[in-house]
Amino acid sequence: MTTYELKLYVAGRTPKSVGIVEDIIRFLEVAADGNYDLKVVDVTENPQLAEKDGILATPVLEKVSPESAKIIVSDLSDRERFLSTFRQKAQQKEDNYG
Amino acid sequence: MGKSILVIDDEEAVRRSFALSLKDTGYTIDTAASGEAGIKKVSSFEYDLIFLDLKMPGINGVETLRQIRKTNKKVPIYIFTAFQQEFLEELKIAQEEMLSFEILKKPVGAEQIVMLTKLILGQFEEAKEASHV
């Protein structure tokens, strides 16, 4: 079973960023069936890592594996959009390797 | 009516860069050369997105953010700064005050400005192929 390895880059520990983390965890519990490893990176605390990983803005969810992809998640109110992106990337992988 | 973006930066080259990058997107681009001017504009117009420079003479980005948030808690504000600890330290004050903001790395190229703006403003179909965020 695929385990999704993800990094979420946020700007500090504000109510908004905490809400985004909670939303993404809820999402992953369903979309990844709980098979995920999510690391949260606070860019204000760890800008070097964000720089190294080529992050240009927050909040961004980086799917490290399978198949690296970055998704800006500033508007989780458009949940379908986010789900579509995540699933599309996963589907592309299956199409490519399946 | 198209969406409106305000760019607050004391550097004319940066303001012009945003304006030129976004001129063909259909968005209305407004600019302000100082925090004071930006606050004034926000008080009289409802923008959909604000790009705000952190380091400015006079009222800096954090104080500008603080003033804007007094009257507008919803508009997305992207603070424009280098990803260096010395700059980001200043943002911790804003965090402690629970002021809502996001970060955009400086410098940023024209294509990245367009892509990010479309993503932020929900023009997903046009920007979804881009992955360099």
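In this predicted model, B:Ser17, B:Phe18, B:Ser21 and B:Leu22 of helix H1(B) meet B:Ala110, B:Ile113, B:Val114 and B:Thr117 of helix H5(B). By class, the residues of this contact are five nonpolar, three polar and no charged. The notes below start with that helix pair, then turn to the sheet of chain B, the contact between the chains, and chain A.

**The helix pair in chain B**

- Two packed helices are described by the angle between their axes and the distance between the axes.
- Here, the axes of H1(B) (residues 12–22) and H5(B) (residues 110–120) cross at roughly 65° and come within 9 Å.
- Angles of 65 to 115 degrees count as roughly perpendicular, and H1(B) and H5(B) are therefore roughly perpendicular to each other.
- The crossing of H1(B) past H5(B) is right-handed.
- On H5(B), the buried residues are B:Ile113, B:Val114, B:Met115, B:Leu116, B:Thr117, B:Leu119 and B:Ile120.
- Among them, B:Ile113, B:Val114 and B:Thr117 are also on the list of residues that meet H1(B).
- Just after H5(B) comes B:Gly122, with a positive phi of about 90°.

**The sheet of chain B**

- Five strands of chain B form an open sheet in the order E2-E1-E3-E4-E5, with parallel pairing.
- Strands E2(B) (28–32) and E5(B) stand at the edges with a single partner strand each, so one side of each is left without a neighbour in the sheet.
- On average, and with direction ignored, neighbouring strands of this sheet are turned by 25° against each other.
- Strands of a sheet pair through backbone hydrogen bonds, either parallel or antiparallel.
- At the E2(B) edge, strand E1(B) (residues 4–8) runs parallel to E2(B) and is joined to it by five bridges; B:Leu6 stands opposite B:Asp30 of E2(B).
- At the E5(B) edge, strand E4(B) (residues 77–81) pairs with E5(B) in the parallel sense over four bridges, and B:Phe80 has B:Leu104 of E5(B) as its bridge partner.
- In a regular strand the side chains alternate between the two faces of the sheet.
- In E5(B), B:Glu102 and B:Leu104 point one way, B:Ile103 and B:Lys105 point the other way, and all are buried.

**Where the two chains touch**

- Chain B brings 27 residues to the contact and chain A brings 25 residues.
- On the side of chain B that touches chain A, the elements that give two or more residues are helix H4(B) (85–96), strand E5(B) (102–105) and H5(B).
- H4(B) gives the most to that side, with five residues.
- That side of chain B has 15 nonpolar, eight polar and four charged residues.
- Two elements described above take part here: the edge strand E5(B) and the helix H5(B) that meets H1(B) are both on the list of contributors.

**Chain A**

- Chain A has three helices and four strands, and its elements run β-α-β-α-β-β-α from the N terminus on.
- Of its 98 residues, 33% count as buried.
- Among contacts in chain A between residues at least 6 apart in sequence, 63% join residues at least 24 apart.
- One residue to look up is A:Glu29, which lies in helix H1(A) (residues 15–31).
- A:Glu29 has 12 C-beta neighbours inside 10 Å and therefore counts as exposed.
- From A:Glu29 to A:Pro15 the separation is 14 residues in sequence and 21 Å in space, C-alpha to C-alpha.

Definitions and conventions:
Residues are numbered from 1 along each chain as its sequence is written. Chains are lettered from A and ligands numbered from 1 in the order in which they are written. This is a predicted model: local features need pLDDT of at least 70, side-chain atom pairs count only at pLDDT 80 or more; totals for chains, interfaces and linings use all residues. Axes are lines fitted to C-alpha atoms, for helices over the stretch in contact, and angles run from 0 to 180 degrees between N-to-C directions. Angles under 35 degrees count as roughly parallel, over 145 as roughly antiparallel, 65 to 115 as roughly perpendicular and the rest as oblique. A crossing is left-handed if the near helix is turned anticlockwise from the far one by less than a right angle, and right-handed if clockwise. Two residues are in contact if their C-beta atoms, placed from the backbone, lie within 7 Å. Ala, Val, Leu, Ile, Met, Phe, Trp, Tyr, Cys and Pro count as nonpolar, Asp, Glu, Lys and Arg as charged, and the others, Gly among them, as polar. A residue is buried if 20 or more other C-beta atoms lie within 10 Å of its own, exposed if 12 or fewer, and partly exposed in between; C-beta atoms are placed from the backbone. Two strands pair if DSSP finds at least two bridges between them.
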